Each structure stands twice: as structure tokens, then as C-alpha cells.
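Q: I am new to this structure and would like a close look at its pockets. Could you walk me through what lines them, and then through the parts of the chain around them?

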Amino acid sequence: MILAAGLGTRLAPYTDTLAKPAIPFLNIPLFYYSIALLRAGGFSLDECIINSHHKAEQIRILADAVKPSHVTFEKEKPLGSGGGVWFAREYFKNEKDFVVTNGDEVILPTHIDLMSQMLQQHQGSGALATLLVKRDPRVGSQFGGVWTSNDREVIGFGKQSPQAGLEGLHYVGVMLMSGRALKYFPDGESNILYDAVMSARRAGEKIEVFIDDCRWYETGNIKDYLIATGEVLTELKKNPQDPFLSHLIREFAPQSSFVSDMVFADQSAKIDAAALLSGFVVLGRGVKVPAGCMLHNVVVRENVELEARSYRDDLIL
């Protein structure tokens with residue numbers, strides 16, 4: 001299941017017109033990064049459940065790339081990460097295991113079989129749920145963590161450790177679950193970690209983590225989205241044949257490439273020779289950059305025509 005019903009309020013005003021999973025990252029909708037991660041791990045996606053609420057019609061268009069799929073619609077309000085699974089529970093009730101992932105994450109695996117290794121651990125451990133995590137020094141200070149014992153078992157969640165001697169790890173939004181986990185989801189809106197997973201743990205169920213040094217990038221707000229863009233472009237410049245990222249671009253943005261040092265553009269973008277581009281710049285399909293236009297650390301969505309002799313920096317346009 002791919003969770004795609006959120007409002008994306010921290011990325012406003014861009015999410016006023018786009019669902020967050022439809023926001024482009026290197027000219028690829030964020031949604032397809034989750035799709036590519038699952039495919040790389042050997043998941044066939046023969047049956048994919050996607051929830052929707054905000055800009056639901058855009059989610060349906062994105063879902064066309066993973067046919068056959070089922071798109072659920074949370075009409076009144078988004079039901080949260082747990083409520084989305086609960087609302088779609090009929091699709092999972094006969095499944096031994098299923099995967100739940102956010103539809104707006106940028107995760108670049110350091111090894112292509114990340115998800116298959118995670119599945120192997122999950123099915124061999126007997127855990128009700130296995131969470132994909134990575135070590136991050138910001139856990140416990142800038143954001144909450146998954147607090148685990150030495151044997152990978154989850155003890156709790158939050159900014160502070162529930163007890164001494166635990167390691168705080170960062171959950172990157174991907175989880176494998178046993179079909180029997182459905183009985184721990186409450187009715188209606190809920191959080192998959194604090195409500196469903198912790199309910200299962202209190203009932204004596206085993207919850208584990210799979211620790212991997214994957215490259216995870218924060219894209220939830222404009223500042224972090226732009227930082228992530230620069231970092232991923234730098235990674236791509238250093239390693240243009242990265243087996244995951246290069247394949248992702250060939251499939252979902254085949255007309256995009258570097259046109260200069262840190263300018264990544266669709267081939268239909270028009271850049272006047274007298275324009276000045278610095279830092280990093282990403283240009284979508286049909287973008288026009290006229291003479292005298294100066295861009296610094298800017299992402300421009302498709303079909304935008306910029307003003308001559310204008311200066312823009314640290315923006316999504």
C-alpha cells in the first residue's frame with residue numbers, strides 16, 4: 001500500500017495546486033520514487049493499493065503507472081497513516097504479509113536488493129512488523145525516533161527514549177506487516193506507529209527494525225526540499241550510472257539530463273545564452289529562461305515562462 005492522501009501543508013503554496021506525491025523532484029513526481037524502490041526489491045506490484053484525499057484525481061493519474069491498482073478515496077478528511085490502511089483493510093485480510101510505504105519519500109538505496117533483504121529478515125523473524133530505519137544524528141533532537149534494544153526489537157517511538165540504554169533510529173516511511181496486524185488498527189483516523197504498532201507491542205507482539213544505510217532525503221518543507229535537490233544532483237553528478245537513480249530517470253524523466261555543471265533540465269526547456277544560472281537549477285518540460293534571467297538554487301516546474309532580467313533564488317517556481 002502506498003500512502004498518498006496527505007495534505008502536504010508544509011509545502012504550501014505548491015500543494016495548493018498539486019498533491020504532494022505529484023510534486024516533481026528532479027522532474028520526477030515524488031510518488032515514483034516509492035514505486036521504483038519497491039520494484040528494485042523485486043515486488044511485482046501486481047496488486048497495489050493507493051489511498052487518496054487531497055487532489056485525488058492527480059493520485060489516480062499517478063496510479064495509472066502501476067496498473068493494476070486500487071485507489072481508495074478518503075472523502076471527509078485524510079485518515080492518517082494508520083487510518084488509510086484500516087480503510088483499505090478488505091484488500092489485505094487474506095494476505096500473509098504486505099508492505100506500507102509513504103508516497104512522497106525520496107529513498108535512494110545503496111544496494112539494489114534493499115527491500116528483498118528486508119523481506120527476508122521480516123519473514124524469518126516472526127515479527128508482526130518490520131520498520132526500515134537508518135542511523136541519523138538528528139534523532140532525539142530535531143525529530144523523533146524509533147527506540148530499539150540491542151536485538152533490533154522496537155521498544156517505543158518519540159523524541160525521547162522511553163528507557164535507558166536504547167538506540168534511537170530514524171524511520172524512513174517503509175514498513176512490512178503481517179496480515180494479522182490488521183486487528184490492532186483502531187477504527188477511523190489513526191497513526192500507524194503510535195496507534196497500531198504500539199497497540200500490537202503492548203499485546204506482546206514482536207516489532208523489529210531493519211537497519212540500512214540508505215540515502216533518505218527530507219522533502220516535507222521548501223527549505224529541506226531544495227537542500228535535498230542539491231544533494232541528490234551532486235550524487236548523480238558524481239555517479240551518473242547509479243543503478244537506482246539512473247534507472248529511475250530513464251523510466252520517468254527520460255528527456256532530462258545535465259545541460260551544464262549543476263543544471264538539470266528537460267530537453268524541451270529553452271535557456272537563453274544570456275541567462276545566468278548558478279548553484280543548482282532544475283528545469284521542467286517546456287520551461288523558458290530568457291536573457292538576463294538569473295536563477296540560483298531554483299526548481300522550475302513544467303511550462304513556466306520566466307521574466308527577462310529577473311532574479312530568483314532558493315525557490316520552487
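A: A word on classes helps before we start: Ala, Val, Leu, Ile, Met, Phe, Trp, Tyr, Cys and Pro count as nonpolar, Asp, Glu, Lys and Arg count as charged, and the others, Gly among them, count as polar. With that in hand, the lining of the second largest pocket divides into 10 nonpolar, 5 polar and 4 charged residues. Please keep in mind that this is a predicted model.

Let us stay with that second largest pocket for a moment. Its volume is about 520 Å³. The pocket is lined by 19 residues, and those closest to its centre are Pro24, Asn27, Pro29, Arg285 and Glu302. Helix H2, residues 56-63, gives the most to this lining, with 3 residues.

Now turn to the largest pocket, which has a volume of about 1,400 Å³. Here 47 residues form the lining, and Arg10, Asn102, Asp104, Glu105 and Glu218 lie nearest the centre. Several elements give two or more residues to this lining, including the helices H3 (80-87), H5 (192-202) and H6 (222-238). Strands do so as well, among them E6 (97-102), E9 (145-148), E10 (154-158), E11 (167-178) and E13 (215-217). By class, the lining of the largest pocket has 20 nonpolar, 18 polar and 9 charged residues.

Two of those strands, E9 and E10, lead us to a backbone detail, as the loop between them holds Arg152. Arg152 is not a glycine, yet it has a positive phi of about 75°. Another backbone detail sits in the loop between strand E1 (2-3) and strand E2 (24-25), where Pro13 is found. The peptide bond from Ala12 to Pro13 is cis, with omega near 10°. Both details stand out because most residues other than glycine have a negative phi, and most peptide bonds are trans.

Last, have a look at a pair of helices. The axes of H1 (residues 31-40) and H7 (residues 245-252) come within 11 Å and cross at roughly 120°. H1 and H7 are therefore oblique to each other, and their crossing is right-handed. On the H1 side, Tyr32, Tyr33, Ile35, Ala36 and Arg39 make the contact, while H7 brings Leu245, Leu248, Glu251 and Phe252. Sorted by class, this contact has 7 nonpolar, no polar and 2 charged residues.

Technical notes
Residues numbered from 1 in each chain as written. Predicted model: local features only at pLDDT ≥ 70, side-chain atom pairs only at ≥ 80, totals over all residues. Heavy atoms only, no water. Axes fitted to C-alpha atoms, helices over the stretch in contact; angles between N-to-C directions. Helix = DSSP H or I, 4+ residues; strand = E, 2+ residues; numbered from the N terminus. Parallel < 35°, antiparallel > 145°, perpendicular 65-115°, else oblique. Left-handed = near helix turned anticlockwise from the far one by under 90°. Contact = heavy atoms within 4.5 Å. 1 Å grid on protein atoms, 1.4 Å probe; cavity = no way out; pocket = protein on both sides within 12 Å on 5 of 7 lines; lining within 4 Å. Points joined across faces, edges and corners; volume = space filled by probe spheres on them.
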